[in-house]
Amino acid sequence: MRMLRLSLPSYRGLRNFQLDLTDAVDGGHAIATLIGPNGGGKSRALHALAEIFGALHRPKHRAAFAFDVHYELRGTMVRAVQTSREAAPELTVARAGREPIRVPRAHWPRHLPDHVFGYQAHPHAPWTVEFDQHRRFAARRLSDWRRQWRENLDDWRASRSPDEAWPEQLTLPVNCPLYTPVFLCTPAHLPLLLLAQTTHWADSFGTYLREHSYIQHVASAVLRIKAPRAARGPDLAALPYWGLGGPARTLFAAVADSGRFGLIPDADPVDGAGSPADGFRIVLGTTEDVRAFRNLFDGDLSMFGLLTTLLDAGYLTVEVRLQKAGAVTLALDDLSSGEQQLLTILGLLRLQRAQESLFLLDEPDSHFHPEWSRRWYSSVRTVLGRHQDSQLITATHEPLLVANMTRQQIRVVATDTEGQATAVTPRATPRGQGAGGLLTTDLFKLPTQLDEHTQELIDQQYALLPAAAHNPVAQAELKQVTGKLDALGFSTANRDPLVSAFLAELHSRRRALVEAARGTNPPPPEVLEALVAELFNEHFSSVL
């Protein structure tokens, strides 16, 4: 999937917002980053996309705002439009050289991203409401499995002979897609991601874990299965696995039959003991047990899909222990917040390698050391590999996160006092700027790389320089300020007077230029170059 354009006439304070990501591609990877001041609209752009695709994925629903979104999916150009809050959304598709065709809503899922994944650093945000709507898919799916299995059980009981045994038929390996189309991923999903990808630790994801987190493999795990309070009634407790059918029952029955993973209740609804009040545990005591459990599924996505369904419906909690270098084992909680955050995101990217999904990452670097932020872009590209067709859109304030990107992948998002929002490609190219250099480009627009205290001393020095030659009071103040700067490592006491005069004048005009740049009509970079040339001519031409 590639996001092309988003238009929002009015959304939570954003007016006439246009986001064009047509050229935000680097080496075949569709990775875009939104930067800008606090309150500029970066997170709101991500939230709007989550709400739009959340509404499109839910039958008979519409967004609470107008939108127009264009994207490319599986070689087809797709456009979804909702003209007002009250209007029904429409979806059209067009292949190369053909006119757009309106798609009936029943067929929309094949033209929507496989999944929309959100990640946020903070536990509460407006888009959480949209993701919560989709978590209900898990509970509904389990209810469907229970209903279908109980109907089969009732039919069998009505027709069985007195001596007939329950005809359990397990279909292995387990197949279970991720039923939640719009999915908020948190560190709570990290143990599921690590378990699901146990057999792939020889590829880029495992290599990354070993080289950067020193994690060798999953040493052991315990899956605790217990029905939520609403599913613990006497009639359900009398049934194996609280009457669950489908892939959940297949997994539990297969685990019980193997005899390898601890004491698991029998699957027999006639002679079995039903479901224990305190649930049961699936114990993966060794690395070999972890692999054996993973092999019960037809793939990592099926394993993640079923375990996530159980987790979201309140049936599952997981504890995982990891083997690190030096024969050290530790729990996931022993990892730092930054480690958990990075591994969750990279694990999810690796899991979706064969799909076309949309990833919306809001401040994924919030717990990162600067070195991890610097490596973020290369880490993502390494884990994605060459054949990844998903779109990543990140919102951040971290200069190091964008330092390795091209300018075409970045949009500077800002909102003026009247709510007019813009998203523009910066003029500066991040590569080659360095972290400090990025701060004073049009990406972040800081007036200086220095701290406020030091910059104030420099401003005072330049302001005092012209008067110090003829004013003893100004000269004394200048000496005091210069001494403070020298103590900080700025040796300026013995500077050539001509250079000092030049720098003072340059500083004065620079401050005027900065003030102008903050206005409604900022001057182009050429103005600064002309200023420097002018000052050079004024102060040095006569001497030279």
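Student: In which loop of this predicted model is Arg74 found?
Tutor: Arg74 has a positive phi of about 50 degrees although it is not a glycine. With a relative accessible area of 39%, Arg74 is partly exposed. As for its place in this predicted model, Arg74 is found in the loop between strand 4 and strand 5 (76-82).

Student: Near what value is the phi of Arg12?
Tutor: Most residues other than glycine have a negative phi. Arg12 sits in the loop between strand 1 (2-11) and strand 2 (14-20), and its relative accessible area of 40% makes it partly exposed. Its phi is positive in a residue other than glycine, near 45 degrees.

Student: Is Arg58 buried or exposed?
Tutor: Arg58 is found in the loop between helix 1 (42-57) and strand 4 (67-73). Its relative accessible area is 12%, and a residue counts as buried when that value is under 20%. Arg58 is therefore buried.

Student: With which residue does the side chain of Arg58 make a polar contact of 3.3 Å?
Tutor: Not counting residues up to four places away in sequence, Arg58 touches Arg105, Glu130, Gln133, His134 and Phe137. A polar contact of 3.3 Å joins the side chain of Arg58 to that of one residue in this list. That residue is Glu130.

Student: Which residue does a cis peptide bond join to Leu172?
Tutor: Most peptide bonds are trans. Here the bond has an omega of about 0 degrees, and it is cis. The residue joined to Leu172 lies in the loop between helix 2 (128-159) and strand 9 (182-184), and it is Pro173.

Student: How many residues does the largest nonpolar core have?
Tutor: In soluble globular proteins, nonpolar side chains tend to be buried together. The residues with the most contacts inside the largest nonpolar core are Leu195, Leu223, Phe252, Ile282 and Phe293. This core draws at least three residues from each of domain 1 (2-114 + 356-432) and domain 2 (127-159 + 166-339). The number of residues in the core is 95.

Student: Which residues does Phe293 touch, not counting residues up to four places away in sequence?
Tutor: Phe293 is one of the residues with the most contacts inside the largest nonpolar core. Two of its neighbours, Leu223 and Ile282, also belong to that group with the most contacts. In full, Phe293 touches Leu223, Leu251, Val255, Phe261, Ile282, Leu284 and Met303.

Student: Which are the edge strands of the open sheet of four strands?
Tutor: The order of this open sheet is 11-10-12-13, with antiparallel pairing. Its twist averages 20 degrees from one strand to the next. Each edge strand pairs on one side only, and these are strand 11 (280-284) and strand 13 (328-331).

Student: Which residue in strand 13 is the bridge partner of Leu322?
Tutor: Strand 12 (residues 316-324) and strand 13 pair in the antiparallel sense over four bridges. Leu322 has its bridge partner in strand 13, and that partner is Leu330.

Student: Which residue in the turn between strand 16 and strand 17 has a positive phi of about 90 degrees?
Tutor: Strand 16 (residues 410-415) runs parallel to strand 3 (residues 30-35), joined by three bridges, whereas strand 16 and strand 17 (residues 421-424) run antiparallel with four bridges. Strand 16 and strand 17 form a hairpin with five residues between them. The residue in the turn with that phi is Gly419.

Methods
Residues numbered from 1 in each chain as written. Predicted model: local features only at pLDDT ≥ 70, side-chain atom pairs only at ≥ 80, totals over all residues. Heavy atoms only, no water. Core = buried A, V, L, I, M, F, W, Y, C linked by side-chain atoms within 4.5 Å. Buried < 20%, exposed > 50% of the residue type's maximum accessible area, 1.4 Å probe, protein only. Domains from an automatic or database assignment. Contact = heavy atoms within 4.5 Å. Helix = DSSP H or I, 4+ residues; strand = E, 2+ residues; numbered from the N terminus. Polar contact = N/O pair within 3.5 Å; in protein donor to acceptor, adjacent residues only side chain to side chain. Pairing = 2+ DSSP bridges. Axes fitted to C-alpha atoms, helices over the stretch in contact; angles between N-to-C directions.
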